[in-house]
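Some questions on a structure follow, each with a short reasoned answer. Look at the structure before reading on.

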Amino acid sequence: MPGSGSRSGVSYDARGLVEPHAEMPDNIEVDGHRGRFDAADLTIRQINMALRQLIYNDGITDVTVLNPSSKHSLAVGILKRCRIHFEGSPGWFACGLIDGPEVTINGRVGWSVAENMMSGVVTIERGAGSLTGAAIRGGDLIVKGDAGARTGIDQKGGTIIVTGDVGINTGFMMQRGRQIICGNAGMNLGDSMYDGSIYVAGKVRSLGVDCVPGEWDDADTELIERKFRIHGLGDPPEFQKFVCGKQLHNYDALEPSERKLVIH
Amino acid sequence: MCGIAGVIHRDGTADIGAELTAMLQSMKHRGPDSTGYAVYGPADDLVVIRFVLAEPNKSTGFGMEERLERNRAEVESRLAKIGAEVATVTSDTGYAFRATIRYGGDLKALADYLEDVPGCEVLSLGSSLEIIKDLGDAQTVSGQYNLGSFQGTHGIGHVRMATESEVDLASAHPYWAYPFADVAVVHNGQLTNYHQWRRRLEQHGHRFQSECDSEIIAVYLAEYMARGLSLETAMKHSLDDLDGVFTYVCVTGNELGIAKDEMAAKPLVLFESDPLVAVATEEVAIRAVVKREVETRDPYEREVLVWQV
């Protein structure tokens with residue numbers, strides 16, 4: 001095999017493509033519609049190959065991955081309704097670009113979990129790193145702990161719930177969707193946000209440019225109570241609401257296609 | 001994009017050479033160009049010097065072997081002339097050397113005198129600090145310098161992806177805080193007021209081995225500590241004085257500290273227990289030394305933390 005090996009068994013071809021000859025792992029256990037395998041000694045490509053084989057080809061709807069060992073880019077691009085359970089902590093970019101799966105992570109995740117998620121639910125039982133839920137379009141992302149800087153940056157839809165604190169620049173350039181922060185928020189909350197709502201129960205270190213306190217209405221109460229009920233988060237605390245002040249740019253409430261119709 | 005790592009054992013010595021190698025190798029994807037270590041073995045009354053006499057990719061060729069031998073002899077001669085008693089001089093590579101000496105004089109004068117030898121660059125000086133860096137990944141460098149058996153209390157490491165300078169030793173981390181003994185830094189990020197601080201520190205008589213912004217941090221911190229500030233206070237000052245995006249790890253003879261800039265733009269994950277603290281750019285590196293599910297966290301913006309041996 002060309003390229004250099006390493007302790008983890010990862011190899012590269014002449015173009016730098018990682019694991020060009022990865023083999024399907026042989027430790028997958030299947031029981032009816034459930035599948036399960038230990039990822040401790042598997043490479044990233046092997047883990048993702050196994051997930052895809054089970055979900056797309058074998059009709060398995062419920063997969064448990066043991067010992068993800070902080071490996072990156074696991075369960076990325078799964079576009080089918082199914083259940084995936086990680087027993088342990090994945091690394092960076094876990095569950096990116098997914099559309100449909102219901103993922104539970106009994107551990108912590110690194111940067112950029114669920115980036116660009118279209119739909120589905122990702123529940124993390126412990127903390128998450130920076131860029132949590134970056135650019136998500138839909139679905140629910142629940143972090144039962146703290147999340148890092150730039151949580152929900154460029155968010156375009158969906159709901160992010162963090163039961164702990166979030167770091168600097170949370171909600172930066174947020175365009176739609178909801179963020180429900182049960183702890184404190186770092187500096188520059190909602191900086192340059194276009195739209196959407198951010199709810200914070202704790203202290204906000206500072207608001208970003210054009211992020212202002214919003215008016216609370218019954219729909220906010222209904223949303224928060226519903227989300228807490230669905231995800232078994234107990235009684236919600238009291239939140240402050242923050243929205244875009246719409247002073248930074250000139251907005252309308254139209255989709256680009258609608259705007260085109262009005263203009264022309 | 002580079003990877004940094006650090007470990008500190010608060011209950012005695014451990015296999016920190018092997019631990020750092022495992023951590024750095026797991027982050028090879030962040031930087032395969034060069035790997036460096038700053039490790040602290042048991043301190044004694046000897047001063048340890050790590051120095052090189054040539055860049056690795058320029059250490060062979062016509063007459064090079066004789067030149068390296070001649071320059072090595074010149075280094076030993078100068079050590080004797082400046083009043084140092086040489087205990088040992090060894091080399092794993094032919095161009096990188098480790099010397100132990102008995103010396104009670106001025107370290108700056110010693111470093112300057114040695115660096116006047118053609119091709120000589122002092123990588124580290126101190127009672128327990130040893131900086132080892134070379135081209136290639138962690139396994140390659142560890143094997144080359146036999147780091148797998150290195151015992152010590154704490155250390156830091158760096159894997160480098162060369163983005164703004166050459167693939168060479170001068171640009172490889174960690175950086176020793178010339179001329180302050182036993183202080184070293186690894187850094188992931190970019191300082192945007194590098195030239196401003198370089199000029200200021202040069203006006204205070206410091207010189208720099210490289211054009212790398214990371215070297216500024218080491219000298220900056222050591223300068224403040226020499227004025228009587230603690231490592232933690234010096235690191236807190238750095239958050240106001242240094243512009244840019246950065247996460248860095250600084251080590252002294254008995255401490256390891258981390259600092260994150262106010263944008264928190266560069267990653268760092270922290271595992272802390274009573275006997276062991278491990279930090280790394282990615283959690284996968286922490287798993288390389290703590291092979292079980294543990295509580296880890298990302299330090300927040302403007303967070304400075306220091307642990308002692």
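A residue is buried if 20 or more other C-beta atoms lie within 10 Å of its own, exposed if 12 or fewer and partly exposed in between, with C-beta atoms placed from the backbone. This is a predicted model, in which local features need pLDDT of at least 70, side-chain atom pairs count only at pLDDT 80 or more, and totals for chains, interfaces and linings use all residues. Residues are numbered from 1 along each chain as its sequence is written, and chains are lettered from A and ligands numbered from 1 in the order in which they are written.

Q: Is A:S73 buried, partly exposed or exposed?
A: A:S73 is found in the loop between β3 (62-66) and β4 (83-87) of chain A; helices (H or I, at least four residues) and strands (E, at least two) are DSSP runs, numbered from the N terminus. Its phi is positive, about 60°, although A:S73 is not a glycine. With 18 other C-beta atoms within 10 Å, A:S73 is partly exposed.

Q: What is the phi of A:M173?
A: A:M173 is found in the loop between β8 (156-162) and β9 (176-181) of chain A. Most residues other than glycine have a negative phi. A:M173 is a residue other than glycine with a positive phi, near 55°.

Q: Which residues of chain A have pLDDT under 50?
A: pLDDT is the predictor's confidence in each residue, from 0 to 100. The mean for chain A is 91, and 87% of its residues reach 70 or more. Where pLDDT is low, the predicted coordinates should not be read in detail. In chain A, pLDDT stays under 50 over residues 1-8.

Q: How many residues of chain B are in contact with chain A?
A: Two residues are in contact if their C-beta atoms, placed from the backbone, lie within 7 Å. On the chain A side, 22 residues take part. These divide into four nonpolar, 14 polar and four charged, where Ala, Val, Leu, Ile, Met, Phe, Trp, Tyr, Cys and Pro count as nonpolar, Asp, Glu, Lys and Arg as charged, and the others, Gly among them, as polar. The number of chain B residues in contact with chain A is 15.

Q: Are α1(B) and α4(B) roughly parallel or roughly antiparallel?
A: Axes are lines fitted to C-alpha atoms, for helices over the stretch in contact, and angles run from 0 to 180 degrees between N-to-C directions. The axes of α1 (residues 16-26) and α4 (residues 138-145) of chain B come within 8 Å and cross at roughly 155°. Angles under 35 degrees count as roughly parallel, over 145 as roughly antiparallel, 65 to 115 as roughly perpendicular and the rest as oblique. α1(B) and α4(B) are therefore roughly antiparallel.

Q: Which residue of β15(B) stands opposite B:I258?
A: Six of the six residues of β12 (residues 255-260) of chain B are buried, so this strand is largely enclosed by the rest of the structure. β12(B) pairs in the antiparallel sense with β11 (residues 244-251) of chain B over five bridges, and two strands pair if DSSP finds at least two bridges between them. β12(B) also pairs with β15 (residues 304-308) of chain B, antiparallel over five bridges. Opposite B:I258 in β15(B) stands B:L305.

Q: Which strands are at the edges of the open sheet β4-β5-β3-β6 in chain B?
A: The sheet has four strands with antiparallel pairing. Five bridges join β3 (residues 47-52) of chain B to β6(B), and B:V48 has B:G126 as its bridge partner. Each edge strand pairs on one side only, and the two are β4 (85-91) and β6 (121-126) of chain B.

Q: In what order do the six strands of the other open sheet of chain B lie?
A: The edge strands are β7 (129-135) and β13 (269-272) of chain B. Seven bridges join β2 (residues 34-40) of chain B to β7(B) in the antiparallel sense. The order is β7-β2-β8-β1-β14-β13.

Q: Which proline follows B:Y178 through a cis peptide bond?
A: Most peptide bonds are trans. The residue in question lies in the loop between β9 and β10 (184-191) of chain B. The bond is cis, with omega near 0°, and leads from B:Y178 to B:P179.
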